[in-house]
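This report follows strand pairing, a pocket and a few individual residues through one protein chain. The sequence and the coordinates come first, and the discussion starts directly after them.

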Amino acid sequence: MTVKTQLYDNGKWITIDHAELKRRDKFRMFNNGKKVRGNKGQIAFTAKSDAYYNEESKKVLVDIL
């Protein structure tokens, strides 16, 4: 599984490491080249928190609005 995260910055989508996301960042993700969609069908998200490492899941997560 290849996941790519892109940050929306100054009118452009820029590929970043998911762990670099900060609160209020607008971002989107791709899983094996396909856009990741939220529960409501959205393809762009706003970070509600900075990215953080979750010990239980062993993944870097970010809360979204």
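In this predicted model, β3 pairs with strand β5, residues 45–46, in the antiparallel sense over 2 bridges, and within that pairing Phe-27 has Phe-45 of β5 as its bridge partner. β3 also pairs in the antiparallel sense with strand β4, residues 34–35, again through 2 bridges, where the partner of Phe-30 is Lys-35. Phe-30 of β3 takes part in another pairing as well, since it is the bridge partner of Lys-4; the strands concerned there, β1 and β3, run antiparallel and are joined by 5 bridges. β1 is joined in turn to β2, with 5 bridges and an antiparallel course, and here Tyr-8 is matched with Trp-13 of β2.

The strand pairings can be set side by side as follows.

| Strands | Sense | Bridges |
|---|---|---|
| β1 and β2 | antiparallel | 5 bridges |
| β1 and β3 | antiparallel | 5 bridges |
| β3 and β4 | antiparallel | 2 bridges |
| β3 and β5 | antiparallel | 2 bridges |

Two of these pairings are hairpins. β1 and β2 form a hairpin with 2 residues between them, and Asn-10 in its turn has a positive phi of about 55 degrees. The hairpin of β3 and β4 likewise has 2 residues between the strands, and there Asn-32 takes a positive phi near 55 degrees. Asn-32, found in the loop between β3 and β4, counts as exposed, because its relative accessibility is 53% and the cut-off for that class is over 50%. Lys-58 offers a further case of a positive phi in a residue other than glycine, with a value near 60 degrees; its place is in the loop between β6 and β7, and it too is exposed, with a relative accessible area of 53%.

The pocket draws on some of the strands already described. The largest pocket has a volume of about 420 Å³, and of the 19 residues that line it, the closest to its centre are Val-3, His-18, Met-29, Val-60 and Leu-61. Three strands, β1 (3–9), β3 (26–31) and β7 (59–61), each supply at least two residues of this lining. By residue class, the lining divides into 11 nonpolar, 4 polar and 4 charged residues.

His-18, named among the residues closest to the pocket centre, is also a partner of Thr-5, for a polar contact of 3.0 Å joins the side chains of these two residues. Thr-5 lies in strand β1 and counts as buried, because its relative accessible area is 3%, under the 20% that sets the limit of that class. Leaving out residues up to four places away in sequence, Thr-5 touches Ile-14, Thr-15, Ile-16, His-18, Leu-21, Phe-27, Arg-28 and Met-29.

Trp-13 belongs to strand β2, residues 12–16, and has a relative accessibility of 28%, so it counts as partly exposed. Outside its neighbours up to four places away in sequence, Trp-13 touches Gln-6, Leu-7, Tyr-8, Lys-26, Phe-27, Arg-28 and Ala-44, and Tyr-8 in this list is the residue whose bridge partner in β2 is Trp-13. The C-alpha atoms of Trp-13 and Lys-48, 35 residues apart along the chain, are separated by 19 Å.

Which residues does Ser-49 contact once its neighbours within four places in sequence are left aside? They are Lys-22, Arg-23, Val-62 and Asp-63, and with Asp-63 there is a specific interaction, in that the side chain of Ser-49 reaches the backbone nitrogen of Asp-63 at 3.0 Å. Although Ser-49 lies in the loop between β5 and β6 (52–54), it is buried, with a relative accessible area of 14%. The C-alpha atom of Ser-49 is separated by 8.3 Å from that of Leu-21, a residue 28 places away along the chain, and Leu-21 itself appears among the residues that Thr-5 touches.

Terms used. Residues are numbered from 1 along each chain as its sequence is written. This is a predicted model: local features need pLDDT of at least 70, side-chain atom pairs count only at pLDDT 80 or more; totals for chains, interfaces and linings use all residues. Side-chain values use heavy atoms; hydrogens and water are left out. On a 1 Å grid over the protein atoms alone, a cavity is a set of points where a 1.4 Å probe fits but cannot get out, and a pocket is an open set with protein on both sides within 12 Å along at least five of seven lines; lining residues have an atom within 4 Å of a point. Grid points are joined across faces, edges and corners, and a volume is the space filled by probe spheres set on the points. Helices (H or I, at least four residues) and strands (E, at least two) are DSSP runs, numbered from the N terminus. Ala, Val, Leu, Ile, Met, Phe, Trp, Tyr, Cys and Pro count as nonpolar, Asp, Glu, Lys and Arg as charged, and the others, Gly among them, as polar. Two strands pair if DSSP finds at least two bridges between them. Buried means under 20% relative accessible area, exposed over 50%, partly exposed in between (1.4 Å probe, protein chains only). Contact means heavy atoms within 4.5 Å. A polar contact is a pair of N or O atoms within 3.5 Å; within protein, one must be able to donate a hydrogen and the other to accept it, and residues adjacent in sequence count only if both atoms are side-chain atoms.
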